[in-house]
Amino acid sequence: MTQLPETTTRKLGLVIDLDTCVGCHACVISCKGWNTENYGAPLSDTDPYGADPSGTFLNRVHSYEVTPETGPAQLVHFPKSCLHCDDAPCVTVCPTGASYKRADDGIVLVNESACIGCGLCAWACPYGAREMDPVEKVMKKCTLCVDRIYNENLPEVDRVPACVRTCPSGARHFGDFADPDSHVSRLSAERGGMDLMPEMGTRPVNKYLPPRPRDVGGDIDILAPFLTPVTDGPKGFLGWLDRALSTLPGGN
Amino acid sequence: MHPAPSVIWFTTLSGLGFGLLFWLGLGYPVVTGWAAFAFFTIGYLLAVGGLLASTFHLGHPERALRAFTQWHTSWLSREAWLAVSALVVMAVYGAGLVFFDNRINGLGWLGAAFSLGTVGTTSMIYAQLKTVPRWHHWSTPVMFMTTALAGGALLAGQSRFALSLLAIAGTALLGHWMAGDRQFGASGTTLNTATGLPGQVRSFAPPHTGSNYLLREFVYVVGRKHAGRLRMLALVLGFGVPILCLVLPFNHWLAAVAVLSHIAGIATGRWLFFAQAEHVVGLYYGKR
């Protein structure tokens, strides 16, 4: 049903820490691995070892160079997947009801057996979170690993999305944003969790934590003033060579 | 946006076909028997041909019937309903004219309303998308509907209406371009809002070395450098030449030139409609 629920009992989603992400793409790989073998149609690769490889992914990591007004430029790695928006425009445009948002946990899913592959939901998503699989010809998107988080056959530690479980730097957190005391709600409140493209009115559930301010100022080594320079210039043979070469025409 | 030929032909031909059905429904011209048969056949070939073309871009056309279920939220579903309603009502109305020499006015008006409504819902599929600022503007439905009315009047041989409507539709297309050129800037969406990062943000490395679905579907930049010339061509072929043909003394060859030129011009305009439309997701890739 493409009518969005008024509210959802829980709001499951991710906090992504742009300060901690090291851009290793492990989340991309674990996502592709899990979601190719489990829920729904596999994520295809076309011409994987040929001249023009291309594939379907539910999670991708961009890298941006950010130049602040003062201070040096900074590299920010930026993982991007479905934000499971409260006002998901991809759901309401679907003509068949294949796209839906679950009223109990807020996860946005695609019923692949009802998808006609028109692509309109991907057009409506501002984040590029949906990709049409060229082999199965149905729309693929992040399921928040719905087949892991409720899966009692898995050890409890594994009942989180594959990207969260695999992240080596702890940059991804999974939880319930409807609960103000949850790990993700507190983290988002403490660190100023951001919405992407708030002007689109999608009200994303996933939050992004901005990079922490970098240290500013020049010399931060408190011992530096006590250290005298070891040498002002070369001595011995190199010193002689330096002086001799400087006397030659064209030297300085 | 990727200008898929199936969608360009769908909007061009269906728009023209439903435009013709609109005028036939209103009784311009009042035709019966074989003449009515010829007019309705042309209208149906264009409208249904366009609809069939649109199913070519579906991944699973065999599930197309499901598209009738979500009319409360989806403009695509509403389009499906209105298109089928228009075709069914106009078939009954047309059968009355062709076989029984009998014009049921109410049915004709209903069919005309459904026909114009179909074009309106098609345009809303594009105009509803905030993600494509160029389309997200009231000038999009105005452009689609005036074009269908003008093309329909031209095909129906209603020179009186066609002349003024072609001028109006040409102006609407021009207005849509001028408004559209400002829309992306006016939307306020930048790489800063897309990433939430302050300062000067530049795409340093894309997530993948090759291309992908997003870049193929949403970041189509080929041929934009010819946009100015193509716009001129669309205006001259779509509206200038047909207006000239209508002003000159009537001749069947001239009428055929007017219609063919109009179709070529509208198809060019629709190619531009997609090729020039920029999806905000391009920002993530440092592109537009």
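Biologist: How do you know that the span of H10(B) agrees with its 24 residues?

Modeller: Helix H10 of chain B runs over residues 252-275. The expected span is 1.5 Å times one less than the number of residues, so the 24 residues should cover 34 Å, and the end C-alpha atoms sit 35 Å apart, which agrees. By helix I mean a DSSP run of H or I with at least four residues, by strand a run of E with at least two, both numbered from the N terminus. Bear in mind that this is a predicted model: local features need pLDDT of at least 70, side-chain atom pairs count only at pLDDT 80 or more, and totals for chains, interfaces and linings use all residues. Residues are numbered from 1 along each chain as its sequence is written, while chains are lettered from A and ligands numbered from 1 in the order in which they are written.

Biologist: Which residues of H10(B) are buried, and what makes them so?

Modeller: Among them are B:Ala258, B:His262, B:Ile266 and B:Phe273. A residue is buried if 20 or more other C-beta atoms, placed from the backbone, lie within 10 Å of its own; with 12 or fewer it is exposed, and in between it is partly exposed. The buried residues of H10(B) pack against H1, H5, H6 and H9 of chain B. Over chain B, 50% of the 288 residues count as buried.

Biologist: What makes the radius of gyration of chain B agree or disagree with a compact globule?

Modeller: The rule is 2.2 Å times the number of residues to the power 0.38, with the radius taken over C-alpha atoms. For 288 residues that comes out near 19 Å, and chain B has 21 Å, which agrees. Chain B holds ten helices and one strand.

Biologist: Why are S4(A) and S1(B) called a pair?

Modeller: Two strands pair if DSSP finds at least two bridges between them. Five bridges join S4(A) to S1(B), residues 200-205, and the two run antiparallel. A:Thr67 stands opposite B:Gln200, and A:Tyr64 faces B:Ser203. The resulting open sheet has three strands in the order S5(A)-S4(A)-S1(B). S5 of chain A and S1 of chain B are its edges, each pairing on one side only.

Biologist: And how many residues does each chain bring to the contact?

Modeller: Chain A brings 53 residues and chain B 44, with residues in contact if their C-beta atoms lie within 7 Å. On the side of chain A that touches chain B, S4(A) gives the most, with eight residues. That side divides into 32 nonpolar, 13 polar and eight charged residues; Ala, Val, Leu, Ile, Met, Phe, Trp, Tyr, Cys and Pro count as nonpolar, Asp, Glu, Lys and Arg as charged, the others, Gly among them, as polar.

Biologist: Two non-glycine residues with positive phi, then. Where is A:His25 found, and is it buried or partly exposed?

Modeller: A:His25, with phi of about 70°, is in the loop between S1 and H1 of chain A. It has 16 other C-beta atoms within 10 Å, so it is partly exposed.

Biologist: What makes A:Arg203 count as buried or exposed?

Modeller: A:Arg203 has 12 C-beta neighbours inside 10 Å, so it counts as exposed. Its phi is near 50°, and its loop lies between H6 and S11 of chain A.

How values were computed: Two residues are in contact if their C-beta atoms, placed from the backbone, lie within 7 Å.
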